[in-house]
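Student: Could you take me through the cysteines here? I would like a close look at how they pair up and where they sit.

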Amino acid sequence: MTKNNKKAKITFAHINDTHSNFEPSSISLNLPQHVLNTETSVYASCGGFSRISSAVNELKSEAFLNQREFMFLHAGDCFQGTLYFSLYKGVANAVLLNAIGVEAMALGNHELDMGNNSVADFLDQTHFPLLAGNWDLSQEDQTKPNPLRDKANVFAYDNQTQTAKYITKDVHGEPIAIFGLAIENMAGIANPDPDTHFMNVTTVARNTVQHLNQQGINKIVVLSHLGYEHDIELAQEVDGIGALIGGHTHTMQGDFTNIGYGKTDQYAHMVNNTCVVQAGCNALAVGHVTLEFAQDGKVEQAFGANQLLLGRQFTVDAGRTEHLKSEEHDIVRDFLSKQDNIRFVVKDPIIENILNEHYRPAVRALQTEEIAVINEPLRHIRIPDSRGPSQIAPWVVESFVWKARKLGYDVDFGIHNAGGVRCSFNPGVITPADIAGKLLPFAIGIMIYSVKGKRIRQALEGAIDNAISNGVDGTGDGSFPYVADLRFTYRCCSVKGTRIETLEHLKDGEWISVEDEKVYTSVSSGYTATGKEGYAPLLDYVKEPKPINVTMADAFEDFAKQKKSFDAPVNNNTIYFPCTGNEDVA
């Protein structure tokens, strides 16, 4: 196989988990004592798409000057995250990823938060392929408004060969194959349509490497959205992969102790002859890895770095108004410019122009419109503690119920998972930006569904069991349920199946018991309504979940506008008795 293969050198620039962070972020840099003869924290403007574009152009030029081929990749999760996504969904991402020159992207789980259709619409506007080599689209319903299966820029699972579809990069006549892998438990953490599913990652990777070798291709790169530890496991399990360029876990590989951050392995971590890299999150950094392949396809050398992309000004405050003295500023800049993990870049005016012309004005407007007043601190906590439950999550669920009824749906109550609410509120005015950018940043729709009372009881118990790992291997405390026009008592130490001791709903101003065999209509986020993280009993529905084409943030914003002010809820509808440690939990 190696007889006709040649050596190949290529530099890959890569980003991941950018989550619509088109704008720079303000970050704190903790400088070593020797820089200014004292321990100093300075703030800098970091990242954003305009700087990524400039950095990638520089890296491309450097590669070509060194007679290396070049490619720019995104390892998934461009959706969600900021007001740009709340307002423009995938459209702004498509336009801006095209503009910064992304050449291929892996499918992230957040791309599927709102089902397949959002991905399909996104791909109709992108100029690059989506690599999702273990996504089986062969059974996809072709009567959908926008099916994915036959799109030219989708490189999914090939049902015939049981391998990933792949693209090739020509490196001076030598092909490098690139295929993508996504989380196989996608249905557990996102909302892929039920007619498409995900194949086993290891099996697909092994089959694809073997298939490529049979085609005479021995230089292989996987663009993955599996998470750093899973990439390392895959490198250990499957031979013949030159590099795994990954995302999902927001891992900032490298040693950043020089600016007060931690250290995660070394960049270009080698595992079983496979180079594993990942580049943090939120468009703060660009990773660049140079791979030198031998004739037989093995990586002879892998080197590079993750680099934070900084602007040229430093301040002593997070608001970035109080600048350093001129002399100190020069010393700080001189120190940072010598660090391998820092790159100073100017903003690309082309990207700035796109943002200014098409997207920034509407975002800025949302940041200034005052829609309601918070009268007292509203604390958000996922699992109730000694100070009580969340004081903002119940209002969020109430907004779902209010909005559904406003649209004409006969809803009995609402349920929402605590992890879908992301912040507390201090007293003061709130804007749409506070709601869609901080409180409810996941642009997930709300759904109505009808189930028997016993399924509500089971779902509440299952969700809390999951949140506190009570007899189950839980997935995190975000599943804890908050409710509106419903109230319950959960006792941790009771026997499984009996932990919900009271369950009542509000009907015409009176609390009445929820009956096991009676059918109730509830409203929840699309995440909860589709049975994630302990809510699986809701899937035994009488009427299946139906989207009402309103996002969580939209519902709360409309509710807040008419309510005008918020206090802490008077009643606690989630009575939670935790285990004390002395009981046998069944």
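Tutor: Happy to, and what follows goes through the cysteines of this predicted model.

Let's begin with the pairing. The count comes to one disulfide. The partners are C492 and C579, with sulfur atoms 1.5 Å apart, and a disulfide here calls for a pair within 2.5 Å. The torsion about their S-S bond is about -75 degrees, so this disulfide is left-handed.

Now for where the two ends sit. C492 belongs to the loop between β28 (486-491) and β29 (500-507), while C579 falls in the segment after β34 (574-577), so the bond ties together parts 87 residues apart in sequence. The partners also have their own surroundings: C492 is buried, at a relative accessible area of 3%, whereas C579 is partly exposed, at 28%.

Next, a cysteine outside any disulfide. C275 has C281 as its nearest cysteine by sulfur position, and that sulfur is 20 Å away. C275 is buried as well, with a relative accessible area of 0%.

C493 deserves a look too. Its closest cysteine sulfur is the one in C579, at 6.0 Å, which is too far for a bond. With the cut-off at 2.5 Å, the C493 sulfur does not pair with that of C579, because 6.0 Å separates them. As for its setting, C493 is partly exposed, with 29% relative accessibility.

So to put the picture together: C579 is bonded to C492, and the sulfur of C579 is also the closest cysteine sulfur to that of C493.

Definitions and conventions:
Residues are numbered from 1 along each chain as its sequence is written. This is a predicted model: local features need pLDDT of at least 70, side-chain atom pairs count only at pLDDT 80 or more; totals for chains, interfaces and linings use all residues. Side-chain values use heavy atoms; hydrogens and water are left out. Helices (H or I, at least four residues) and strands (E, at least two) are DSSP runs, numbered from the N terminus. Buried means under 20% relative accessible area, exposed over 50%, partly exposed in between (1.4 Å probe, protein chains only).
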